[in-house]
Amino acid sequence: MTVDILESYDAVSRRVQDFVSAVVVATPRLTLGLPTGRTPLGLYAGLSAAGLDWSGVRTFNLDEFEGLAPQAPGSFRAFMEARLFRHVNLRPDAIGFLRGDAVDPVAECARFEGALVAAGGLDLLVLGLGGNGHIGFNEPGPHLVAETHVVALEEGTRRANANAEAFGGDRQRVPPRALTMGMRQVLGARRVILMATGAAKADAVAAMIDGPLTTACPASWLQVHPDVHVVVDRAAAADLGRRGR
Ligand code: GLP
């Protein structure tokens, strides 16, 4: 795991943008895993304006809220369309996404997993980090799940996702369940770059990097991955080195 500690949110966004851009340029048929959330907003703004050729890129997003149609305000698909997809020349059929409104969410998870396997897995996975240490929507708990699966969200996760635009800041309006890529495809990605910014992530960043491998911090499992690049700002790095391994 390499760790870059940078001065600001903007510096983190630029560093990750440079990294992803270089991979897009260098990899003709890239399969790219993507996150949602506030953290990658600067990254997506930068990538949208960069004028890269995305015609050979295939994407798979990490997760989606159960019950939300792709066009629904608050869906991760709508977020991705607004923040990245509509600004670049990705082929529509090259966008891999979980359908939150699938009649059979379990079958939808199996379809998504199959598509990801058929694509040969992820060449590069960009990750954010939940304040509770989740990656995608792999939430802390007594166990983790390997395959793409349906998950019950923690109340804190619903609160963190209750953005004003889509859910009026009301945690109760955030769907209680989601569909998410599981740990196998996350840890099976050939390269991972994780971005985290702000003081609210400091504890999770420290648990991820300095803590033991534990299902209480799903991101801690990235320690076993051979090619993980972590990019954080000073606030998110504040607790690093304070706990023993
Ligand atoms: C969300 C997403 C994650 C994201 C994380 C952090 O709920 N499911 O993929 O990385 O939580 O979000 P944010 O960047 O808004 O802090």
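Biologist: What makes the approach of Arg 38 to the ligand a polar contact?

Modeller: A backbone N or O atom of Arg 38 lies 2.7 Å from a ligand oxygen, and a polar contact is a pair of N or O atoms within 3.5 Å, so this pair qualifies. This is a predicted model, where local features need pLDDT of at least 70, side-chain atom pairs count only at pLDDT 80 or more, and totals for chains, interfaces and linings use all residues. Residues are numbered from 1 along each chain as its sequence is written, and side-chain values use heavy atoms, leaving out hydrogens and water.

Biologist: Which atoms of His 134 face an oxygen atom of the ligand, and how far away?

Modeller: An N or O atom in the side chain of His 134 is 3.0 Å from a ligand oxygen. Taken alone, the ligand exposes 390 Å², of which the protein buries 93% (Shrake-Rupley method, 1.4 Å probe).

Biologist: Why is the link between Glu 7 and Arg 234 called a salt bridge?

Modeller: Their side chains meet at 2.8 Å, N to O, and the term asks for a side-chain nitrogen of Lys or Arg within 4 Å of a carboxyl oxygen of Asp or Glu, so the pair fits. Glu 7 lies in the loop between β1 and α1, and Arg 234 in the segment after β10, so the bridge ties together parts 227 residues apart in sequence.

Biologist: How many salt bridges does the structure hold?

Modeller: There are 13.

Conventions. A polar contact is a pair of N or O atoms within 3.5 Å; within protein, one must be able to donate a hydrogen and the other to accept it, and residues adjacent in sequence count only if both atoms are side-chain atoms. Helices (H or I, at least four residues) and strands (E, at least two) are DSSP runs, numbered from the N terminus.
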